[in-house]
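Q: I should like a close look at a single part of this protein. Please treat the part in one connected account.

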Amino acid sequence: MSIEFYIDHESCISCGKCIKECGMHVQIQNCSHVEPDNPECSRCLHCYTVCPDNAIRLKAADSSAGLDPQLMHAITDENLSSFLAYRRSIRSYQKRSIEDGILEKLIDMARYIPSGGNAHSYEFTVLKSDVTQKRIKEELHKIYKFRDQLLNNPVLRNVAKPFVNKQMREFLKSKTYRSRMKELLSRISEGDDPFFHHSPAIIIIHSKDQIPTPKEDAILAGYNICLVAQTLGLGTCFVTLAQNAFNSSRKCKEILNLAEEDNVYAVVTLGYPAVHHLRIAPKPAKQINWI
Ligand SMILES: Cc1cc2nc3c(=O)[nH]c(=O)nc-3n(C[C@H](O)[C@H](O)[C@H](O)COP(=O)(O)O)c2cc1C
């Protein structure tokens, strides 16, 4: 739902800052302020956040009112760098559940990402129920058993080649992937959960939209969730194994109450970590191409 605003002309001193800052260049001709009703307006609210006279007013209650812009000064380069570098993908969780209020807070904070065209078309499904988790895991198991049969049968591999996408074709060729698939299935038989790491909650981020950038937005939203979760003592892990299976399975979408046109772009497991990381792992150095 887009956020509507209006201009309080009594407060506006026509300084023009809103026009200068408007990313969409939405302006009434010869006027000194942005045009709130213009259909081109993306509701990014840059005009609202720069207005020195608070002349741009929201029509509905401000859902970010509890957040304090001054607090951002409390974050230093040093402590943010350490915080980011300390993050790990957590694959081992305590049996403790996560309160709904905490999950709601994480999803609330996910909305503060940059989003292509300010579209924010992503939606969230939270998978907590043991019964639904069991059903979805059984379905994923079936999907991966089928993929294993396909991958490890040379005749089926050849027959499938023309019908699968480029990524799957690469998988069909890869010996490593074939042996990984076997390993994955044997882990499941032994009671392991390679899809969700026995996490008490899973956030699925999906969108019906194809444009402008639903996939990128969903991944950014997922990463905001990971970061805020870390401040609350929670661990997280992005899981592609489940994500790409969801998109190819009507049954999975049915279990998750998703429409056929929903594309799942990110799946994040969450829980209180059962492992404690004592130090920060170095990451490969990156060469910068200075131009
Ligand atoms: C898009 C994406 C997909 C991932 N998929 C999985 C997955 O399916 N299962 C898993 O255990 N980890 C998954 N991971 C976690 C990566 O394996 C992990 O980020 C990487 O090994 C580095 O570890 P770190 O996150 O602890 O630094 C994924 C991470 C990303 C960003």
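Which strands does helix α4 lie across, and at what angle does α4 run to β3? Please set the answer in the context of the sheet and of the ligand site.

A: The model discussed here is a predicted one. Helix α4, residues 100-110, lies across three strands, namely β3, β4 and β6 (263-271). Its direction makes an angle of about 160° with β3.

The sheet itself is open and consists of four strands, arranged in the order β3-β4-β6-β5 with antiparallel pairing. Because β3 (123-127) and β5 (235-238) stand at the edges and each has a single partner strand, one side of each is left without a neighbour in the sheet. From one strand to the next, the twist averages 25°. In general, the strands of a sheet pair through backbone hydrogen bonds, in either a parallel or an antiparallel manner. Here β3 pairs with β4 (residues 201-207) in the antiparallel sense, over five bridges. Within that pairing, Val 126 has Ile 203 of β4 as its bridge partner. A further helix, α10 (residues 240-248), also packs on the sheet, where α10 touches β4, β5 and β6. The direction of α10 makes about 145° with that of β6.

Strand β5 and helix α10 lead on to the ligand, since each of these two elements supplies at least two residues of the shell around the ligand. The residues around the ligand include Cys 237, Phe 238, Val 239, Thr 240 and Leu 241, and also Arg 87, Arg 88, Ser 89 and His 197. Arg 91 and Lys 283 belong to the shell as well. By class, the shell comprises four nonpolar, three polar and four charged residues.

Several polar atoms of the protein lie beside ligand oxygen atoms. A polar side-chain atom of Arg 91 is 2.7 Å from an oxygen atom of the ligand, and an N or O atom in the side chain of Lys 283 is 2.6 Å from a ligand oxygen atom. Leu 241 contributes through its backbone, with an N or O atom 3.3 Å from an oxygen atom of the ligand. Taken alone, the ligand exposes 620 Å², of which the protein buries 61%.

One backbone feature follows strand β4. Ile 211 and Pro 212 are joined by a cis peptide bond, with omega at about -5°. Pro 212 lies in the loop between β4 and α9 (214-231). For comparison, most peptide bonds are trans.

Notes:
Residues numbered from 1 in each chain as written. Predicted model: local features only at pLDDT ≥ 70, side-chain atom pairs only at ≥ 80, totals over all residues. Heavy atoms only, no water. Pairing = 2+ DSSP bridges. Axes fitted to C-alpha atoms, helices over the stretch in contact; angles between N-to-C directions. Contact = heavy atoms within 4.5 Å. Near = heavy atom within 4 Å. Polar contact = N/O pair within 3.5 Å; in protein donor to acceptor, adjacent residues only side chain to side chain. Areas by Shrake-Rupley, 256 points an atom, 1.4 Å probe, with all protein chains shown as cover. Nonpolar A, V, L, I, M, F, W, Y, C, P; charged D, E, K, R; others polar.
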